[in-house]
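User: I should like to go through this structure by question and answer. Please begin once the sequence and the coordinates are displayed.

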Amino acid sequence: QKFVYDFTEGNKDLKDLLGGKGANLAEMTNLGLPVPPGFTITTEACKVYLASGSEPPALRDEVSTHLEALEEKMGKKLGQADDPLLVSVRSGAKFSMPGMMDTVLNIGLSDASVAGLAAQSGDERFAWDSYRRLIQMFGKTVLGVDGDLFEEALEEAKRARNASTDVDLDAGDLKSLVEEFKGIVSEQTGRDFPQDPREQMDLAIRAVFDSWNGERAKLYRRQERIPHDLGTAVNVCSMVFGNLGPDSGTGVAFTRDPASGQQGVYGDYLANAQGEDVVAGIRNTVPLAELETIDKKSYDQLMQIMETLENHYRDLCDIEFTIERGKLWMLQTRVGKRTAAAAFRIATQLVDQGLIDETEALRRVNGAQLAQLMFPRFDESRIGDGAAERIGRGIAASPGAAVGAAVFDSATAVARARAGEKVILVRRETNPDDLDGMIAAEGILTSRGGKTSHAAVVARGMGKTCVCGAEELQVDLKQRRLTAPGGLVVAEGDVISIDGSTGSVYRGEVPVVPSPVVEYFEGRTRPDEQADELVRAVHRIMTLADGNRRLRVRANADNAEDAARARRFGAQGIGLCRTEHMFLGERRELVERLVLAETEEECEAALAALLPLQKGDFVELFEAMDGLPVTVRLLDPPLHEFLPDLTELSVRVALAEARGETDEDDQRLLQAVRRLHEQNPMLGLRGVRLGLVIPGLFTMQVRAVAEAAADRAAAGGDPRAEIMIPLVGTVQELECVREEAEKVIAEIQQARGVDLKLLIGTMIELPRAAVTAGQIAECADFFSFGTNDLTQTVWGFSRDDVEASFFTAYLEKGVFGVSPFETIDKDGVGALVRGAVEAGRAARPDLKLGVCGEHGGDPESVHFFHGIGLDYVSCSPFRIPVARLEAGRAAA
Ligand code: ADP
Ligand code: MG
Ligand code: MG
């Protein structure tokens, strides 16, 4: 096994082995770009080290061999006293990971070689500056010394000199600083700063390995769902110097604007500086375009290289470079991060430039980005005009744009929201006690916690805007106020605006504008030449996705309005119409009568009153979805949901009795509520069980569907109704309902002289149904996987209870990387679905298969459903474009 690769040996596809940085350094080297020579120690070596606690025995020799070759090439030895070769030791995992060890520059400098460096460069100041940087970086990241100690010493030196920046310190100052730094190292670590260059290098390499398991790195991996067993590579790269005077410098650049996708000159440059200075922001950088006047030759070469890289990677790249006395060096490149809007624009721009084909364009964007583009957003032109200003930034935890009065506890949030006010709940962090307040609020802002914090998880579950971990904002719960950097105070009741897509927090009200992408889906913006570039890009990509996909996409919708919107968004039918939503409001009383009915006549009368109402709903729905399938699910929830709350009713009855008045209706109601009360309604009398114990309920619903369909057909429409039975656990249940239903349907068909071609199928949402799917398929025209309930019943937890309680802990401990309600649990729930698909199709090859849980609109789940061969996914109207896009990508 080979543990070390020279930069000339690797390539960009070896990211697993060489890490992103190493693979791309190799790629650039092989493209003939000016990369300082070096080599990469593989992630395999790191894995051995992490597993066994020591470097693989062969590693030392291999590193020696590559180091010797490097020394040969450079004509000098590492740390050689009269002319030292210096190197940087750089971490670099497959995925770029903040929280891992920083890079150590200038390795090989020592008391002996600093003089050699000064002599060779003819610049004593430079030599001492490089040495003090080495001790500082090495001390902090390899030896674990508190970095502030070095910073303070540096500040003190600047103060003593009246110097405003480090450039103003001269060789003498830096020399004393080196002494001071060495003193700090000895004092803090009990040993001297290592003078042996090879020892410096080996310690730095080991520190990079160790940093893989640093606390922050582990936390980051959990949050970003990066596997813990990948390990990191280590890059040893010969130094080039941007701190050799005004004709040297260092910078970063993008091959196009990561915010808009526009091609042009984007980046920052800092003269007379070493790499880390640019990001550290210790001195002011200049825009990259100015490099043209500073050093035209290097600038032109850089532009040339950026073009080469774009053509080669066929994508936006970001770049780190250094200029050493007029010579340009490339130190890093990678395919750059970009905003959601830029991702769509860039993908289509690259197609137009002939750099990628259309299938590749589909791969370059994703549903999460599309979802982001669909949220209403703040009107950025109105920020900072006095009405609103940005006061801080946190983690974009749950997207959206929310505006409201800041409130600092749950009770206040509830009280003010009841009074009709819009509020933002502001907390240091949230816990289950804050739930009511979170529900009442427009959005949630916390100053602590990351993407898996309670606030973030619960807000995402509720679809509420959330910014968390805004650490620069001080939340003072006692004083009920928020203090921003600079002392600006937001008191309770002051309006703030939070942007859950960017993490920005504003004081004041930022006006919200609708998303141009939604305007397009709604059909209010035509994707023609006048439209904005983003709209045209989205339109093109959606057209590609639709052309590509095999999965059909339906909507979960219960009324004509939602159905019409869903259709505009591209829905190919309704996959779930929840009839219980038609039983609410004024009709609740009719349901109450049904539940309270003591005789068959009373029962029939109640059902007869409901029938025309139900039928009316269906007529509208079939009309909105004319020519497309509409799956109507018969009543699912337990009946007590339609009755008053047990406690409230008991109190009312007790009070009335105390006053000596008795209301008979209330007493009957109370009896019924008591009778229907269940310890665990989720597992109680609901779904098909209701249909079997309440005579006439399901047949009334079937009749409403069939009559509505017959009406539509008579009116010249093309209704395609599908009747779906919920919560079936065994085929016998389905048989009972089906027999009754078929009688009703046959009767209506005969009376109206039409063939309604109604399908009767079932939800698969209980483990038993999934396991016996082969039997159930004998009696079903279709299956629709109810993955919400299936997830609850497979895991044995109820969503409403657990998301706010232990999910945070589970996500933090890495028990799951993402909530199984968000993305389908492939190994558990997914395996049952897959098995049921196979058994169902085996029993009945023409069985229609779909899914109607929330997962139908989740990108990763859509790919899974495509893979196991479902016919369609169904999701809420707003998720339809996401599902269309992901279904297209899954087939690409
Ligand atoms: P990060 O992943 O944090 O960007 P890098 O390894 O890229 O860490 O290095 C940090 C900084 O040091 C970057 O600006 C980089 O360009 C610079 N740097 C790294 N290696 C060298 C080198 N051999 N010569 C000059 N500058 C270097
Ligand atoms: Mg870098
Ligand atoms: Mg269900």
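User: From which domains does the shell around ligand 1 draw at least three residues each?
Analyst: The model is a predicted one. The protein is divided into four parts, namely domain 1 (4-238), domain 2 (249-335), domain 3 (376-513) and domain 4 (549-638 + 678-891). The shell around ligand 1 takes at least three residues from each of two of these, domain 1 and domain 2.

User: Which strands each supply at least two residues of the shell around ligand 1, and which residues are the closest?
Analyst: Strand S3 (87-93), strand S5 (232-238), strand S9 (317-324) and strand S10 (327-335) each supply at least two residues of the shell. Ligand 1 is surrounded by 16 residues, and the closest are Ser88, Arg90, Thr103, Gly275 and Leu331.

User: How do the residues of the shell around ligand 1 divide by class?
Analyst: The shell around ligand 1 combines three classes of residue. Its division is six nonpolar, six polar and four charged.

User: In the open sheet of five strands, which strands stand at the edges, and why is one side of each left without a neighbour?
Analyst: The strands follow the order S1-S2-S5-S3-S4, with antiparallel pairing. Each edge strand has a single partner strand, so one side of it has no neighbour in the sheet. The strands at the edges are strand S1 (4-6) and strand S4 (104-107).

User: By what angle are neighbouring strands of this sheet turned against each other on average, and what angle does helix H1 make with S5?
Analyst: With direction ignored, the average turn between neighbouring strands of the five-stranded sheet is 25°. Helix H1 (residues 15-30) packs on this sheet and touches S1, strand S2 (38-41), S3 and S5. The direction of helix H1 makes an angle with that of S5 of about 35°.

User: How many bridges join S3 to S5, and which residue in S5 is the bridge partner of Ala93?
Analyst: S3 and S5 run antiparallel and are joined by seven bridges. In S5, Ala93 has as its bridge partner Thr232.

User: In the open sheet formed by three strands, which are the edge strands, and which residue in S20 does Thr483 stand opposite?
Analyst: This sheet has the order S18-S19-S20 with antiparallel pairing. Strand S18 (474-476) and strand S20 (489-491) are its edge strands, each pairing on one side only. Strand S19 (residues 481-483) pairs with S20 over three bridges in the antiparallel sense. Opposite Thr483 in S20 stands Val489.

User: How many residues of domain 3 are in contact with domain 4, and which helix gives the most to that side?
Analyst: The centres of domain 3 and domain 4, taken over C-alpha atoms, are separated by 36 Å. Eight residues of domain 3 are in contact with nine residues of domain 4. On the side of domain 3, four residues come from the element that gives the most, helix H18 (residues 454-462).

User: By class, what does the side of domain 3 that touches domain 4 have?
Analyst: The side of domain 3 that touches domain 4 holds residues of two classes, with charged residues absent. Its composition is four nonpolar and four polar.

User: Which residues does the UniProt feature "domain: PEP-utilising enzyme mobile" cover, and how far apart do the end C-alpha atoms lie?
Analyst: In the unreviewed UniProt entry, this annotation covers residues 421-503. The span is 18% helix and 33% strand, and its end C-alpha atoms lie apart by 23 Å.

User: Where does UniProt place the feature "binding site", and what is the largest C-alpha distance?
Analyst: The unreviewed UniProt entry places the feature at Glu765 and Asp789. Glu765 is found in the loop between strand S28 (759-764) and helix H29 (767-771). The positions are spread over 25 residues of sequence, yet they cluster in space, with a largest C-alpha distance of 5.5 Å.

Key
Residues numbered from 1 in each chain as written. Chains lettered and ligands numbered in written order. Predicted model: local features only at pLDDT ≥ 70, side-chain atom pairs only at ≥ 80, totals over all residues. Near = placed C-beta within 6 Å. Nonpolar A, V, L, I, M, F, W, Y, C, P; charged D, E, K, R; others polar. Domains from an automatic or database assignment. Pairing = 2+ DSSP bridges. Axes fitted to C-alpha atoms, helices over the stretch in contact; angles between N-to-C directions. Contact = placed C-beta atoms within 7 Å. UniProt positions renumbered as here; feature names shortened; annotations may be inferred.
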